[in-house]
Amino acid sequence: MLDATGKALIEVSGLKMYFPITAGVFRKHVGDVKAVDNVSFTIYEGETLGLVGESGCGKSTCGRAILRLYEPTAGAVRIDSKDVLAADANTLREMRPKMQMVFQDPQASLNPRMTVAAIIGEPLDEHTSLSKKDKLARIYELMDQVGLNRDFANRYPHEFSGGQRQRIGIARALALNPKFIVCDEPIAALDVSIQAQVVNLLEELQDRLGLTYLFISHDLSMVRHIADRVAVMYLGQIIELAPRDPLYLEPLHPYTQALLSAVPEPDPEAEKSRRRIILKGDVPSPANPPKGCNFCTRCPKVMDICRQIEPTFHEVQPGRYVACHLYQETAG
Amino acid sequence: MPDGALPVLEVSGLKTIFRTRGGEVHAVNSVSFDLRPGELLGVVGESGSGKSVTMMSLIGLLPSPPAEVRDGTVIFDGKDLLNCSVAELREVRGPGIGFIFQDPMTSLNPVFTVGYQLREPLIKHMGMTKAQAQVRAKELLELVGIPDAERRLRDFPHQFSGGMRQRVMIAIALACDPKVLIADEPTTALDVTIQAQILELVKELRQKLGMAIVWITHDLGVIAGIADRIMVMYGGQVVEQGPVSEVFHNPRHPYTRALLKTVPSVRGERTAKLSVIEGQPPILRGAPSACPFRDRCAQAFDRCASENPARHPVGPGHDAACFWDFDADAPRTQEAAHA
């Protein structure tokens, strides 16, 4: 998946999302939680970019900021070369149908008082002027697409299992023929045997409808399955971005190496012989990131320079980007 | 684990039901297993398969009503725990059987310091004075790898990170030197790098302390690395049980086979399409009269709908509850003679 063929659909540059910390009666601004700190990447049309990282690293915030569900602090996001962050309310509303989201918790993201038909039909009410009959036809079509029985259109979310609820969420996201969908941990709340069903559905829909995904997940093995390229986040920054196979075969950044080595493998013999890289300690607070490289407090290969100077995020091999001093000199 | 050693925990025919408005839910149905000294038994299953309920039934931790342990025996230390009084059970919990719960945030008391919560079992069960308990509490925190233990004892749970809290939970469970440790999805709420830390810690502690452990999880990868034996649960029943390498390389129940295939890998071959177990897990209304997996099973045939298969031996120390014979790729012809 090299850039020569694909057309860039999403371009994110220098995205920053800071949440202010305030203190005292006057809510004086005393600092920022740097949830997303200077993140740049591109997603090409028809591809799936996996965004992985541990909880609290800012991957969900990043996904939401791209869709402007938050107001980002700085940076630019272009979808189809239109600037999302600069758009005023009306323009933004016109852009919304192009970009949709599937949320993590299907229980919390579906209104319990609305029927399935009403949930899937709501974006149609908001953005189209279909007749009642056409709308119902479209709702049925969507339900067929995601594998829900049409007879359940008048049921409520609580009558469905987790996997089916996630299908409702996906149908709602598809309602307006989007080009780009942010999938924010769409399978994290599901059982192992149901996860595969939902992932296969997402892949099928991508093939059929030519969708582009940003697939946010902490499950590295599932991301390896679904993504074409993978970005690894740590403490608000992307520290490595590479095509899938090279990343999993030969991770460059020490954090990616540790992260991959920490994933247990369902094979007893491999597990016995394998040596894990065990990281010491916990992730520092994003309100007070360490000086220099964000990973320097836990890095097994830390050098003096790492505690002083922040490494830049740059291309070390064609299509492979890393932010680490170990690879700094090769770039010249 | 030494073969022939007497099991420390022997469960047979355990049945737990929940009374709900929609009728009885048979959450645990005739579960039998044993645990040998020093062994790590992995229990795998999806949510609702009855793995946690089984373990909580053992030591009377389920609220009754709605739960009711209807049948079975749980032999621990020569006593049947299901016939014990509340006071007797309290003596078993802690020094006999320790429990690590899934969510370290909700199972620690937020208004007491970690030190207080660590000292409590030591004073109640081990008869220590407060000063003795304080010393032991510090040792325990050091044992689970929390730096600056003495100062951290004065901290409250919210001052610890998720991984640290789980370490505190482990320290509390270890406080009374239990013979058996039951760990209910202890790493599910944690990130992979923290999970790796905890797994290393458990391996280390096992060597040092030599207790028997039951490790509940839905993650086959976690089990592969640490377990000696594995027990697969589905629909409130044990569907397969055996030594870990046997079950992974030679699974004998269609559910185990399918489960092993649905999990993608971070290493090795990447499959173009994930294989899927179609359908939903069963709703456990009424006593099961058929195989709980039959609706999702590729091998299912008429007998599966009329009879619930019993576990029968398929290899040394390995049994499965299925009518299908995977060697012959045909229904099993007869009940194999088994003990």
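The legends below describe several views of a predicted model with chains A and B.

**Figure 1. Confidence in the predicted complex and in chain B.** For the complex as a whole, the predictor gives an ipTM of 0.78 together with a pTM of 0.84. Chain B has an average pLDDT of 86, and 97% of its residues score at least 70. Among the elements of chain B, strand E9 (residues 229-234) has the highest mean pLDDT, at 94, whereas helix H3 (residues 104-107) of chain B has the lowest, at 78. As a caution for reading any view of a model, predicted coordinates should not be read in detail where pLDDT is low.

**Figure 2. Chain A as a whole.** The secondary structure of chain A consists of 10 helices and 12 strands. Its radius of gyration is 21 Å, close to the 20 Å that the globule rule gives for 332 residues, and chain A is therefore as compact as a globular protein of that length. Measured out along its principal axes, the C-alpha trace of chain A spans about 70 × 60 × 45 Å. Of the 332 residues in chain A, 54% are buried.

**Figure 3. The start of chain A, around A:Gly6.** The residue A:Gly6 sits in the segment before strand E1 (8-23) of chain A. With a relative accessibility of 25%, A:Gly6 counts as partly exposed, because that class lies between the 20% limit for buried residues and the 50% limit for exposed ones. Although A:Gly6 and A:Tyr44 are 38 residues apart in sequence, their C-alpha atoms are 5.6 Å apart in space.

**Figure 4. Chain B as a whole, with the span annotated in UniProt.** Chain B has 12 helices and 14 strands. The radius of gyration of chain B is 21 Å, close to the 20 Å that the globule rule gives for 339 residues, so chain B is as compact as a globular protein of that length. The C-alpha trace of chain B spans about 65 × 50 × 45 Å along its principal axes, and 51% of the 339 residues of chain B count as buried. An unreviewed UniProt entry lists residues 12-260 of chain B as "domain: ABC transporter". This span is 41% helix and 27% strand, and the C-alpha atoms at its two ends lie 27 Å apart.

**Figure 5. The second largest pocket and the parts of chain B that line it.** This pocket has a volume of about 730 Å³. It is lined by 23 residues, of which B:Phe101, B:Glu120, B:Pro121, B:His125 and B:Ile172 are the closest to its centre. Strand E6 (97-100), helix H4 (114-126) and helix H7 (162-174) of chain B are the elements that give two or more residues to the lining. Helix H4 of chain B gives the most, with six residues. By residue class, the lining of the second largest pocket divides into 13 nonpolar, six polar and four charged residues.

**Figure 6. The loop that holds B:Gly96.** B:Gly96 lies in the loop that runs between helix H2 (86-92) and strand E6 of chain B. The relative accessibility of B:Gly96 is 7%, so this residue counts as buried, the limit being under 20%. B:Gly96 and B:Gly127 are 31 residues apart along the chain, and a distance of 15 Å separates their C-alpha atoms.

**Figure 7. Two residues of chain B with a positive phi.** B:Asp177 has a positive phi of about 50° although it is not a glycine, and B:Glu185, which is not a glycine either, has a positive phi of about 45°. B:Asp177 belongs to the loop between helix H7 and strand E7 (180-184) of chain B, while B:Glu185 is found in the loop between strand E7 and helix H8 (192-209) of chain B. With a relative accessible area of 46%, B:Asp177 is partly exposed, whereas B:Glu185, at 6% relative accessibility, counts as buried.

**Figure 8. The largest cavity.** The structure holds five cavities of 30 Å³ or more, and the largest cavity has a volume of about 70 Å³. Of the 13 residues that line the largest cavity, B:Pro254, B:Cys291, B:Cys297, B:Cys304 and B:Cys322 are the closest to its centre. The lining of the largest cavity is made up of 10 nonpolar residues, two polar residues and one charged residue.

Terms used:
Residues numbered from 1 in each chain as written. Chains lettered and ligands numbered in written order. Predicted model: local features only at pLDDT ≥ 70, side-chain atom pairs only at ≥ 80, totals over all residues. Heavy atoms only, no water. 1 Å grid on protein atoms, 1.4 Å probe; cavity = no way out; pocket = protein on both sides within 12 Å on 5 of 7 lines; lining within 4 Å. Points joined across faces, edges and corners; volume = space filled by probe spheres on them. Nonpolar A, V, L, I, M, F, W, Y, C, P; charged D, E, K, R; others polar. UniProt positions renumbered as here; feature names shortened; annotations may be inferred. Helix = DSSP H or I, 4+ residues; strand = E, 2+ residues; numbered from the N terminus. pLDDT = per-residue confidence, 0-100. Rg over C-alpha atoms; globule rule 2.2 N^0.38 Å. Buried < 20%, exposed > 50% of the residue type's maximum accessible area, 1.4 Å probe, protein only.
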